[in-house]
Amino acid sequence: TSKVTTMYCMFSGCSSLTSLDVSKFDTSMVQNMSEMFSGCSSLTSLDVSKFDTSKVTTMYCMFSGCSSLTSLDVSKFDTGNVHSMDLMFYECGNMRTLNIGNIDLSGLTDNMNRTFRGCSSLRSITGQLVGLKLSISFGWSPLLDHDSAMMVINSAETVTTVQTVSFSSRTKALLSDEEKAILTNKGWTLA
């Protein structure tokens, strides 16, 4: 796979696939990982820790519909060139934990309002959202814990145009007024 530049829809729709070994993939030239695992609804685990994503520009719908994954670790992803993470984890309805490491969002041109759409079981996100300056929503994740919400708030950069961080009402109730003010004092709206 060392010369492959696109893995667009590579395993898309493989709904009966329960396991997949991609540990030997050379992804160093890949620019497009859109919908790569989209619809792999029976996958219970996926190890993408060896992926070289330094040239990737789009991760649109990359894990969309991976509804049997309960955890995912993308902490090794180099996302400095990524412009879109729209619907990246869409309908990962059983994913409880997500390790993002120090994921770089500085190159995004699309907001992240739909990145976590349908992640109804998501409880914990570990890492940091480096360069967070566009709207992001966790409104579909009512179980998101206080530490994860604070990670998002603390990751948010100061903005000059109004951007929004959305949490479910349950998650918002976990935050004190002082914690909410950390976000709003940086120019953000909390919804």
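Two strands count as paired if DSSP finds at least two bridges between them. Strand 1 and strand 2 (residues 97-104) meet that cut-off, because they share three bridges in the parallel sense. The views below come from a predicted model.

**View 1. Strands 1, 2 and 3 form an open sheet.** The strand order is 1-2-3, and the pairing is parallel. Strand 1 and strand 3 (124-130) stand at the edges. Each has a single partner strand, so one side of each lacks a neighbour in the sheet. On average, neighbouring strands here are turned by 15° against each other, direction ignored. For one bridge in this view, look at Asp 73: its bridge partner is Asn 99, in strand 2. Helix 1 (residues 146-155) packs on this sheet. Helix 1 touches strand 2 and strand 3, and its direction makes about 5° with that of strand 3.

**View 2. Val 130 sits in strand 3.** Is Val 130 buried, partly exposed or exposed? Its relative accessible area is 31%, so Val 130 is partly exposed. Burial would need a value under 20%, and exposure one over 50%. Leaving aside neighbours within four places in sequence, Val 130 is in contact with Asn 102, Ile 103, Asp 104, Leu 105 and Ser 106. Take Ser 106 from that list. The C-alpha atoms of Val 130 and Ser 106 are separated by 7.0 Å. Along the chain, the two residues are 24 residues apart.

**View 3. Strands 4, 5 and 6 form an open sheet.** The order is 4-5-6, again with parallel pairing. Which strands stand at the edges? They are strand 4 (136-138) and strand 6 (188-190). Each of these has a single partner strand, so one side of each is left without a neighbour in the sheet. The average turn between neighbouring strands of this sheet is 15°, direction ignored. Strand 5 (residues 163-167) pairs with strand 6 in the parallel sense, over three bridges. Val 165 has Leu 190 of strand 6 as its bridge partner.

**View 4. Helix 1 and helix 3 lie across strands of the 4-5-6 sheet.** Helix 1 lies across strand 4 and strand 5. Helix 1 runs at about 175° to strand 5. Helix 3 (residues 177-184) lies across strand 5 and strand 6. What angle does helix 3 make with strand 6? Helix 3 runs at about 145° to strand 6. Helix 1 also packs on the 1-2-3 sheet, as in View 1.

**View 5. Cys 61 is a buried residue in the segment before strand 1 (71-73).** Its relative accessible area is 7%. That value is under 20%, so Cys 61 counts as buried. Which residues touch Cys 61, once neighbours within four places in sequence are set aside? The contacts are Glu 35, Ser 38, Asp 86, Leu 87 and Met 88. For a distance in this view, use Ser 34: its C-alpha atom and that of Cys 61 are separated by 5.7 Å. The two residues are 27 residues apart along the chain.

**View 6. Ser 38 is in contact with Cys 61.** Ser 38 also lies in the segment before strand 1. At 12% relative accessibility, Ser 38 counts as buried. Beyond its neighbours within four places in sequence, Ser 38 is in contact with Phe 11, Ser 12, Gly 13, Cys 61, Met 62 and Ser 64.

**View 7. Leu 87 and Cys 9 have positive phi values.** Neither residue is a glycine. Leu 87 has a phi of about 55°. Leu 87 lies in the loop between strand 1 and strand 2, and at 9% relative accessibility it counts as buried. Leu 87 is also one of the contacts of Cys 61. Cys 9 has a phi of about 60°. Cys 9 is found in the segment before strand 1. With a relative accessible area of 25%, Cys 9 is partly exposed.

**View 8. One cavity of 30 Å³ or more is counted in the model.** About 50 Å³ of space lies in the largest cavity. What lines the largest cavity? The lining residues are Met 85, Met 88, Phe 89, Ile 100, Ile 103, Leu 105, Met 112, Phe 116 and Leu 129. By class, this lining has nine nonpolar residues, no polar and no charged. Met 88 also appears in View 5, in contact with Cys 61. Ile 103 and Leu 105 also appear in View 2, in contact with Val 130.

Conventions. Residues numbered from 1 in each chain as written. Predicted model: local features only at pLDDT ≥ 70, side-chain atom pairs only at ≥ 80, totals over all residues. Heavy atoms only, no water. 1 Å grid on protein atoms, 1.4 Å probe; cavity = no way out; pocket = protein on both sides within 12 Å on 5 of 7 lines; lining within 4 Å. Points joined across faces, edges and corners; volume = space filled by probe spheres on them. Nonpolar A, V, L, I, M, F, W, Y, C, P; charged D, E, K, R; others polar. Helix = DSSP H or I, 4+ residues; strand = E, 2+ residues; numbered from the N terminus. Buried < 20%, exposed > 50% of the residue type's maximum accessible area, 1.4 Å probe, protein only. Contact = heavy atoms within 4.5 Å. Axes fitted to C-alpha atoms, helices over the stretch in contact; angles between N-to-C directions.
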